[in-house]
Amino acid sequence: MTSATLAVAPAHGGEVAAADDAQGRCLICAGPTDHYFSKTYAPYPGSPFPQPLTVDYARCVHCGFVVSRTHQQMSGAVWSALNSSWHHHYENHLDQKVSNAPPYAQQALAIAMLHREGLIDAGDALDYAAGYGSLAKCLARYFGLRARLFDRYVHDGGNDYLDEAELGRYALVINSAMFEHVLDRAALDEVNGLVADGGVLMMHTVVCERIPKDPDWFYLAPMVHTAFHTNRSMELLMQQWGYAASLYAPAAKSWFLFKRGHPALPRLEGAVRDINHALRAPFFHHKAGFVDYWKGF
Ligand SMILES: [Zn+2]
């Protein structure tokens with residue numbers, strides 16, 4: 001199989017990518033990285049790559065975080081073209097669709113439950129990278145909770161979308177399906193920077209103990225997935241960002257990260273035990289640090 005190699009200037013990501021990644025350091029822990037494996041993606045209608053594209057993935061020796069060096073080296077224009085063409089193609093060919101949407105109903109339920117228990121404040125919530133606002137619509141329609149929305153690329157015309165200049169800091173920042181699309185540290189730090197002191201970051205992505213060394217791993221199927229997080233790399237991110245404890249809701253496939261100083265921290269573990277007891281099911285898992293729920297795929 002022939003494959004195209006990229007000969008484009010590493011423009012995307014700017015200064016931060018240059019600071020860490022140019023030396024091949026991990027963008028989570030700055031540890032050394034090794035080439036892990038490569039995967040060749042076939043062209044698809046509208047792709048900026050008319051030939052098969054071989055993508056190289058690097059893995060951090062220390063925390064196991066994996067990132068696509070090939071995507072990092074794409075220019076902003078090529079990366080943007082890849083994203084829009086990929087989503088356009090697969091939205092119009094649902095039979096071939098490989099990416100699955102977050103479980104919005106279960107996410108909304110988890111948010112509503114924690115809000116009702118007084119463990120999070122969903123009255124001051126921002127859905128960052130909200131896309132078409134599906135989660136916010138579910139929160140409003142079934143739970144009467146209103147979240148503001150921000151998405152740099154999608155604007156559904158609703159009044160709840162904020163412009164970038166309007167962004168502040170929020171008691172609850174919701175972030176679904178973005179952590180696997182980042183190319184640099186700045187994109188992650190931007191999300192964390194929106195969380196108020198003593199606030200909560202809710203995140204939905206795939207995190208596992210060890211990224212499989214397997215080009216056929218399901219999570220690599222979307223050509224726009226670039227970053228693959230491990231329990232260790234998330235634990236380190238939490239420490240760096242000042243989060244003390246987390247909850248994981250398997251039904252919602254979402255974590256809730258609680259900042260140090262969050263008022264509910266002292267009673268969080270007991271409150272989760274009460275919720276699970278009432279539901280007769282382990283709806284939430286609690287841990288000081290990152291809930292390392294997924295051990296393998
Ligand atoms: Zn690392």
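**View 1. Ala-245 stands opposite Phe-258 of strand E11 in this predicted model.** Ala-245 belongs to a pairing in which strand E10 (residues 243-249) and E11 run antiparallel, joined by six bridges. Four residues lie between the two strands of this hairpin. One of the residues to look for here is Lys-253, with a positive phi near 50°.

**View 2. Strand E11 (residues 254-259) is mostly covered.** Six of its six residues are buried. Ser-254, Phe-256 and Phe-258 are buried on one side. On the other side, Trp-255, Leu-257 and Lys-259 are buried too. E11 also pairs with strand E7 (residues 195-204), in the antiparallel sense, over four bridges. Within that pairing, Phe-258 is the bridge partner of Val-200.

**View 3. Seven strands form an open sheet with mixed pairing.** The order is E5-E4-E6-E7-E11-E10-E12. Strand E5 (148-150) and E12 are the edge strands, each pairing on one side only. From one strand to the next, the twist averages 20°. Strands of a sheet pair through backbone hydrogen bonds, either parallel or antiparallel.

**View 4. Strands E4 (residues 125-128) and E6 (residues 170-176) run parallel.** Four bridges join them. Asp-127 has Ile-174 in E6 as its bridge partner. Helix H6 (residues 185-192) lies across E4, E6 and E7. The angle between H6 and E7 is about 120°.

**View 5. Helix H8 (residues 265-279) has its expected span.** Its 15 residues, at 1.5 Å a residue, should span 21 Å, and the end C-alpha atoms are indeed 21 Å apart. The buried residues of H8 are Leu-268, Val-272 and Ile-275. Their cover includes helix H4 (104-116), E10, E11 and strand E12 (285-288). Arg-280 follows H8 and has a positive phi, near 55°.

**View 6. Gly-46 sits in the loop between strand E1 (33-41) and strand E2 (53-60).** Gly-46 counts as partly exposed because it has 13 C-beta neighbours inside 10 Å. Gly-46 and Ser-85 are 39 residues apart along the chain, yet 5.5 Å separates their C-alpha atoms. Setting aside neighbours within four places in sequence, Gly-46 is in contact with Ser-85, His-88 and His-89.

Conventions
Residues numbered from 1 in each chain as written. Predicted model: local features only at pLDDT ≥ 70, side-chain atom pairs only at ≥ 80, totals over all residues. Buried ≥ 20, exposed ≤ 12 C-beta atoms within 10 Å, placed from the backbone. Pairing = 2+ DSSP bridges. Contact = placed C-beta atoms within 7 Å. Expected span 1.5 Å × (residues − 1). Axes fitted to C-alpha atoms, helices over the stretch in contact; angles between N-to-C directions.
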